[in-house]
Every structure is written in structure tokens, then in C-alpha cells.
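Let's work through a few exercises on packing and burial in a protein model. Have a look at the structure first, then try each task before reading its solution.

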Amino acid sequence: MTIKDADIQKLSEDLYSWALRKVPEDTKRALANAREKESSETARRTLNMMLTSAQRAEDGDTFVCSDSGVPVYFVRIGTKADWNANIKSAIRAGFDHLVETIQPPLLKHVTNPMTNERSYAGRHMPIITYDLIEDADYIEIVCSPKALGSGRWAAMELFTFPTLETIETYILDVAIKAGAQHCPPVVMGVGIGGTFDFSTKMAKEQTLREIGSVNPDPQVAEMEKRLFEAVNALGYGPMGTGGDTTVLGVHVDFAAGHGFTPVAVAFNCWINRRTRARIYSDGHVERLE
């Protein structure tokens, strides 16, 4: 068999719908663990409300949040996958069909930045990035709809031969500026080095990492631990109600570059929308989250 347009279209539509209705399992575990450890009663109640909302959305097959975001997909193509599809067109068709059929209906969040007009479609929508997976016989698609709260507060800065202290101070400054406006507790993704565009790509990809995973590089793992403690020490707490839990995880990646060093920071809100699945060359679909 060969992976066709219809396979990509159906899966991209399903991934978006799943992302709106279910909080990932690792995120629910992290919220539950935070609730057990919180020193603030208000924060515990807020975390409990989040977990209750997540369960009700699953049980009732409804959306966790009314801001369904804009369609964002990451496509990773296995170099040994057998495929014959116009992937971008198929994903766009999947989103168009979703808009026509999904219940409850989506609100119009796709915005033309030149006119501020809102609709369901626009230039370069859906937003899709591509990558390759060596020796894999599948195409992996990740859907991470991006909403206003967490999308608004991403940031990037360029430094010249910065120290680790300079880098970490900047990341903490971004967290302070965001405050509680990104609907915490959040997942922070950080990309250090490479180029302007590559650092932001790394930062976004790090928000998709499983909560609780540790970077295999000991130096980066230590940085993640320091930043996790520092951001939570800010005390914003769940939805800004105060408390010990502003961030569920700080995930960092880095790339070699020139003397200039971009540092990019991205956030996912407490719902941490992400779904992931693979289409194999033999036609079967494996849902990973």
C-alpha cells in the first residue's frame, strides 16, 4: 500500500478534533501531582477545577476550552515511507472538512494580520513544518492548535557569546513578563543557538516533549531543573491565583551556531494541546497521544 491524500486528510482532521477534547495523559498526571504538593488551598482548588474540566470534556466529548486556536501541524516524513500525497493540500482539506462538520462548531480564530478580519482560512494556513526521520517507514503528524494565551507570550532574543547566566536570566525575564497571562501552569520550551528560525523551531518542539522527561545532556538537564525551580518560585500559580505551580516542565534544546546566539522561549497553556499519530506504509494508523 501507499500513503495517499485521503489518509493524510482524515488523520489531520482527527488529530485536531482529538486535541480539542482531551488533555494529554502526562499533563493530567502533572496537574494531579502538583495538586498534591501545592501549599496554597486556592491553587489546589484551581488545579482540581482543571482536572475536573478535563474529565468532563472527555466524558461529554466536548472542548476543554472555547479558544480552539489556529491549526498548527508538524509533519515528520520517514525516509523509507511509501507515500504519494500532496501533504499540504491534504492537511488543508482535512481542516476545511473539520470546520464544516465538527460539533460544537469552531469559533473564527484565523486572523488576517493586515486587516484583523477573522475567518477559518488564510494565507499559509494551516501552519505546517516538515522534517525527516531516517529509516522510518511511516509519516508522523503532530497537531498542536495554538491559542491566544500561550501564543502571545513567546519571545526571542539574540545575544553575542552569552554566558549561561545571561541565557537563564533572559528566560526567567520572559517568564516574569508573561506573568499569569498564558494560563498557567504551562510547559516552557526553550531553543538555544543555531539561527533565528531554528531556535524558535526548537523552542516550539520542546513544548511537545513529554512532561517529566529529562534532557540526556547533563548540563542542559541541570539548566532545566534550575529554571523549573526559578519559574515556580515566582509564585504566580495556577491561572495566577498564587501558589507553587506556575510551570509543569521546562524543556530545553540547543544547537551549535556562530558567535551570535538566539534564545527562543515558547509556552503551552495548562491544557497542553498536542496529539500525535503515525501512518505506516502498510496503511495502518497508530495513535501515540
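## Exercise 1: two helices that cross

In this predicted model, the axes of helix α1 (residues 5-21) and helix α4 (residues 87-101) come within 8 Å and cross at roughly 50°. Work out how α1 and α4 are oriented to each other, and say which residues meet.

**Solution.**
- Step 1: Start with the general idea: a packed pair of helices is described by the angle and the distance between the two axes.
- Step 2: Angles under 35 degrees count as roughly parallel, and 65 to 115 as roughly perpendicular. The crossing is at roughly 50°, so α1 and α4 are oblique to each other.
- Step 3: As for handedness, α1 and α4 make a right-handed crossing.
- Step 4: Now zoom in on the contact. α1 brings D5, I8, Q9, S12, E13, Y16 and S17, and these meet I87, A90, I91, A93, G94, F95, H97, L98 and T101 of α4. Sorted by type, the residues of this contact are 8 nonpolar, 6 polar and 2 charged.

## Exercise 2: another pair

Helix α2 (residues 25-37) packs against helix α3 (residues 41-60) at about 150°, with the axes 9 Å apart. Classify the arrangement of α2 and α3.

**Solution.**
- Step 1: Angles over 145 degrees count as roughly antiparallel, so α2 is roughly antiparallel to α3.
- Step 2: The crossing of α2 and α3 is left-handed.
- Step 3: From α2, K28, L31, A32, A34 and R35 meet α3 residues, among them R44, L47 and E58. The contact of α2 with α3 has 7 nonpolar, 1 polar and 4 charged residues.

## Exercise 3: a covered strand

How many residues of strand β1 (residues 72-78) are buried, and which strands does β1 pair with?

**Solution.**
- Step 1: Count first: 7 of the 7 residues in β1 are buried.
- Step 2: In a regular strand, side chains alternate between the two faces of the sheet. For β1, V72, F74, R76 and G78 lie on one side, with Y73, V75 and I77 on the other, and both faces are covered.
- Step 3: β1 pairs with strand β4 (residues 127-133) in the parallel sense over 7 bridges; R76 has D131 as its bridge partner there.
- Step 4: β1 also runs antiparallel to strand β5 (residues 138-143), joined by 5 bridges. In β5, C143 is the bridge partner of Y73.

## Exercise 4: one glutamate

Is E168, in helix α6 (residues 164-178), buried or exposed?

**Solution.**
- Step 1: Buried means under 20% relative accessible area. E168 has 13% relative accessibility, so E168 counts as buried.
- Step 2: Setting aside neighbours within four places in sequence, E168 touches M223, R226 and L227.

How values were computed
Residues numbered from 1 in each chain as written. Predicted model: local features only at pLDDT ≥ 70, side-chain atom pairs only at ≥ 80, totals over all residues. Heavy atoms only, no water. Axes fitted to C-alpha atoms, helices over the stretch in contact; angles between N-to-C directions. Helix = DSSP H or I, 4+ residues; strand = E, 2+ residues; numbered from the N terminus. Left-handed = near helix turned anticlockwise from the far one by under 90°. Contact = heavy atoms within 4.5 Å. Nonpolar A, V, L, I, M, F, W, Y, C, P; charged D, E, K, R; others polar. Buried < 20%, exposed > 50% of the residue type's maximum accessible area, 1.4 Å probe, protein only. Pairing = 2+ DSSP bridges.
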